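Me: Could you take a close look at one strand of this protein with me? I would like to see how it sits among its neighbours, and then how that fits into the whole fold.

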Amino acid sequence: MQRKTNWLLLALVNLFLVTSCDSKAVYDEYKSVPDKWHKDSIASFNFKAPDTIRNYNLYVNLRNNNDYAFSNLFLIVELNYPNGKAVTDTLEYKMAAPNGELLGSGFTDIKENKLWYRGYKSPFRFSENGDYRVDIQHAMRKNGEVNGVENLEGITDVGFRVEQAQK
């Protein structure tokens, strides 16, 4: 029993060190999703633009478990600028391999996915100083059905991350 406790403590310390030494992250926050993610529930993230000179990569981060029953995920992501301008995108992400195995990192049934939002095709630069807001909601539908999935199961956390781009 003592060895198991020591191993668990060592694993937790290593996890803390790895996550606390992330020099690229400028902003990184998660919001927990209650039992199911309702189609009208919006995860909002507020942050200040780091600067208007450097390039950045923006990501949607998701944690999901084995209750997630789809091979893909559709999200509506809205980026709100300090001047009131808003840019809305409908995005599709692959969440499972053809054999049904969930994609993402993690050793348990919880998988973590770091999904590109901005900066992958061309550099993203914050054009204005000030406060930004990102709103994320799911837009899932079952094949052949008009109405969306009202309560999406299997998503446990929704996050947003800003990283300084590599030169």
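Reply: Happy to. A residue is called buried here when its relative accessible area is under 20%, exposed when that value is over 50%, and partly exposed in between. With that cut-off in hand, let's turn to strand 8, which covers residues 131-138. Please keep in mind that this is a predicted model.

Of the 8 residues in strand 8, 6 are buried, so the strand is largely enclosed by the rest of the structure.

What does strand 8 pair with? One partner is strand 3, residues 43-48, which is joined to strand 8 by 6 bridges and runs antiparallel to it. You can find this pairing in the model by looking at A43, whose bridge partner in strand 8 is I136. Another partner is strand 5, residues 72-80, again antiparallel and again joined to strand 8 by 6 bridges. Here a good place to look is I76, which stands opposite Q137 of strand 8.

Now for a single residue of the strand, R133. Is R133 buried, partly exposed or exposed? Its relative accessibility is 31%, so R133 counts as partly exposed, since the middle class lies between 20% and 50%. Leaving aside residues up to four places away in sequence, R133 touches S44, F45, N46, E78, L79 and N80. S44, F45 and N46 fall within the range of strand 3, residues 43-48, while E78, L79 and N80 fall within that of strand 5, residues 72-80. R133 also shows how the chain brings distant positions together: F47 is 86 residues away from R133 in sequence, yet their C-alpha atoms are 6.5 Å apart in space.

Stepping back to the whole protein, there are 10 strands and 1 helix. The helix comes at the start of the pattern, and the strands follow one after another along the sequence. Among contacts between residues at least 6 apart in sequence, 78% join residues at least 24 apart, and the pair R133 and F47, at 86 residues apart, gives you one long sequence separation to look at in the model. Across the 167 residues of the protein, 34% count as buried. The accessible surface comes to about 10,600 Å², with 51% of it belonging to carbon and sulfur atoms.

Key
Residues numbered from 1 in each chain as written. Predicted model: local features only at pLDDT ≥ 70, side-chain atom pairs only at ≥ 80, totals over all residues. Heavy atoms only, no water. Helix = DSSP H or I, 4+ residues; strand = E, 2+ residues; numbered from the N terminus. Buried < 20%, exposed > 50% of the residue type's maximum accessible area, 1.4 Å probe, protein only. Contact = heavy atoms within 4.5 Å. Areas by Shrake-Rupley, 256 points an atom, 1.4 Å probe, with all protein chains shown as cover. Pairing = 2+ DSSP bridges.
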